[in-house]
Amino acid sequence: MQPAPLTMLLAFLDVQKWRPHSKRRGGRDIRLFTLETGSCEGCAMELITLGGSAYPLEGSGFERVQHPQDADWLLVTGAVTRSSAGGLASAWEAMPPGRSLIAIGDCAYNGGLWGSNYTTLGGIAALSRVYSTIPGCPPSPEAILHALVELAEGGSSSTVSQESSASRRSRQ
Amino acid sequence: MMEDPILEGGERVGLFHYRVSSAGWLHFLQQNERRVALLAFWADESWATALFLCAGEQPLLVSTAIEQGHYQAVSPYFPAAQWGERMARDLWGVEAWSARDDSPALDDGSWSLITPLAAHPLPVADGMGQPLPACRMEPSQTQVPGLLGIDYALSEGAMQQIEVQIAAGHRGVLSRLMGLSPQEALPLISRITASGFVAHPLAFIRAIEQAEGRRPNPYERDRRLLLLEVERIGVHLFDLSQTAQHVGAGLLGSICEHAREALAALCADYGLSRRLTNSITLEGQSEGGEILPFMQALSSMLRPRLIQIKQLMGLFNNRLKNIAIIPTALAWDYALGGAVGRASGRYVDFRFMDEGMRVQALGGAVRHEGDAWARHRQRMTECEESLRIIGQIMASFGQERDGNVIPRTDEGLGVAEGARGDVWYHLQLEAGRITKIQIRDPALPLLAILGLVLEGQSPEQLGMMLASLGLSPAAIAL
């Protein structure tokens, strides 16, 4: 019998070594795959805007990719509906070793105002012990970029605090 | 307010609201199939309610009691009702007799409850629900910001037998709103959809004010009207940029993106959130505050940018023409609103009904071609129109106008003409708390015709077509 998507998700996400790494891997850009999991679409629209011409995403050492198997970092937006959990698990499973998970916006972190209910799981915080988060509702493209750069440069809980645009959380 | 021939009999229970027997319901549907437009259909465990638009853009709510979990379906007469019927079945477990489609719309088997909004929902063990059929294009793969699954068969390179799914994006919005006070509900309403951070809370607040028999002061009324136009420009710029990027018009897309970001920065400079989240409040603001300098700066910043955008648009006409055509008749049949409806020749704009609206600034050229090019042009026209409206409101900001005093009924119907069309809220209050609430976003009728619009088109153009339609599934899936 196949394991339920939620079980698969929990198994894959709770691994310490999948924290964001401190710098570009092997001198190349960090590859980003974005995944919407149930939201007002605000954070997803900000990520689309970040990938456009108004912000230097590529010039800051990042590259957007179309498939999770090509990605280093998975950027998640939305409160993680039960329905989208399977897609999140599949995307995570498809990523190569060295992968990292980043919750973009309050919903992706803890469900935001929606919390958890019969249809939502309440964000990454309810699913995984290891992830990074960029708070905001929605965070601006500029804030997202700044936080991504901080994470890429090795920002940790001591240097990247909740007060700044990025924060790393661990409940171990 | 309604002429007798439209609705015979029935008990008037609200300003626009009548209740009819099941026989009266069926009679109404049969008699008015071609005389009124259906805007929305909702049902809960007690009542099935249809929102119609009659002559003179007058709304009409007609309800009939749910009898032993059933009611006569609206969709055989008004096909646009089918999504509402399917959602009511998923959320409350009420069934429509003779419905055009009774497949699940929201419950894809992943929920922890069956009929979660019913008085007695049933728990479901993890992984034991009935999944929806897999889509060729899964919700996370479709090139829209939200979750929209599209299934189709390919015939000689063209899409056929198209089915759309929105279930993955369902957040349980209605269940969260039930029992809240308007103040408690507003932050959630303000996050229904990113294309309506102003329009949704504004329609909600108008419904609340109608229910409570209140009117906003003229300063707050004008402030809201201004913010609605700012949001319209921002959302149109997003849709213009996305459509442009999809057809390889990178420069045009870039200019639109930069204009939208400059607009967002200006909002922040003047103390608002970048995308106007939480900018609409229940209590009302001061007498203008910084809104007028903000509007002044916004007009000065945007005017030259819109000229640039307009000049560049002409270069890409051929890439947009005859793509994803919505015929005029279809736009009327399904009450398509916003720039999409107006680009197809359905010029219905609920700003004409807004108290305090400077209507002389409205009424830009209406298109009828109904293709991606017409929608592109219409959005640009509406951005220019918004600047005219802003200018006229600034010239007479806070001017008192006559308005009808309405009694408190604890039932409200509110509408706001958002960037992507008319947003409606119907709600009931009891002891200051929301006991019933239903939401109609303009994406709903668009979703109902999406299969027809995409039929025969190449899947390679799907991203561009969806961008051109400006479809946001979040506000439908709720």
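**Exercise 1. Determine the strand order of the five-strand sheet in chain B and identify its edges.**

Solution. The strand order of this open sheet in chain B is E1-E2-E5-E4-E3, and the pairing is mixed. Strands here are DSSP runs of type E with at least two residues, helices are runs of type H or I with at least four, and both are numbered from the N terminus. Two strands count as paired if DSSP finds at least two bridges between them. Next, consider the edges: strand E1 (11-12) and E3 of chain B each have a single partner strand, so one side of each is left without a neighbour in the sheet.

The model examined here is predicted: local features need pLDDT of at least 70, side-chain atom pairs count only at pLDDT 80 or more, and totals for chains, interfaces and linings use all residues. Residues are numbered from 1 along each chain as its sequence is written, while chains are lettered from A and ligands numbered from 1 in the order in which they are written.

**Exercise 2. Describe how E3(B) pairs with strand E4 of chain B, and state how many residues of E3(B) are buried.**

Solution. Begin with the pairing: E3(B) and strand E4 (residues 47-54) of chain B run in the antiparallel sense over six bridges. Two pairs of opposite residues can then be located. B:Phe41 faces B:Ala50 in E4(B), and B:Ala43 faces B:Ala48 in E4(B). The connection between E3(B) and E4(B) is a hairpin of three residues. Finally, strand E3 (residues 37-43) of chain B is mostly covered, with seven of its seven residues buried. A residue is buried if 20 or more other C-beta atoms, placed from the backbone, lie within 10 Å of its own, exposed if 12 or fewer do, and partly exposed in between.

**Exercise 3. Analyse the three-strand sheet of chain B.**

Solution. The order in this open sheet is E12-E13-E14, with antiparallel pairing. Strand E12 (411-418) and strand E14 (433-440) of chain B are the edge strands, each pairing on one side only. From one strand to the next, the twist averages 20 degrees. Within the sheet, E12(B) and strand E13 (residues 421-430) of chain B form an antiparallel pair over eight bridges. B:Gly412 has B:Leu427 in E13(B) as its bridge partner.

**Exercise 4. Determine how H6(B) and H8(B) are oriented relative to each other, and which residues meet.**

Solution. First, take the geometry: helix H6 (residues 218-246) and helix H8 (residues 291-313) of chain B pack at an angle of about 25 degrees, with their axes 11 Å apart. Axes are lines fitted to C-alpha atoms, for helices over the stretch in contact, and angles run from 0 to 180 degrees between N-to-C directions. H6(B) and H8(B) are therefore roughly parallel to each other. Angles under 35 degrees count as roughly parallel, over 145 as roughly antiparallel, 65 to 115 as roughly perpendicular, and the rest as oblique.

Second, take the residues: B:Arg223, B:Leu226, B:Val230 and B:Ile233 in H6(B) meet B:Ile291, B:Met295, B:Leu298 and B:Leu302 in H8(B). Contact requires the C-beta atoms of two residues, placed from the backbone, to lie within 7 Å. By class, the contact of H6(B) with H8(B) has seven nonpolar, no polar and one charged residues. Ala, Val, Leu, Ile, Met, Phe, Trp, Tyr, Cys and Pro count as nonpolar, Asp, Glu, Lys and Arg as charged, and the others, Gly among them, as polar.

**Exercise 5. Determine the orientation of H2(A) and H5(A), and list the residues in their contact.**

Solution. H2(A) and H5(A) pack at an angle of about 75 degrees, and their axes are 9 Å apart. The two helices H2(A) and H5(A) are therefore roughly perpendicular to each other. H2(A) contributes A:Glu46, A:Leu47, A:Thr49 and A:Leu50, while H5(A) contributes A:Pro141, A:Ile144 and A:Leu145. The classes in the contact of H2(A) with H5(A) are five nonpolar, one polar and one charged residues.

**Exercise 6. Characterise the side of chain A that touches chain B.**

Solution. The contact takes 31 residues from chain A and 38 residues from chain B. On chain A, strand E1 (30-36), helix H2 (42-50) and helix H3 (82-94) each supply at least two residues of the side that touches chain B. H2(A) gives the largest share, five residues. By class, this side of chain A has 14 nonpolar, 14 polar and three charged residues.

**Exercise 7. Compare the settings of B:Glu156 and B:Ala335: which is buried and which is exposed?**

Solution. B:Glu156 has a positive phi of about 50 degrees although it is not a glycine. B:Glu156 is exposed, with 6 other C-beta atoms within 10 Å. For B:Ala335, phi is near 55 degrees, a positive value in a residue other than glycine. B:Ala335 is buried, with 26 other C-beta atoms within 10 Å.
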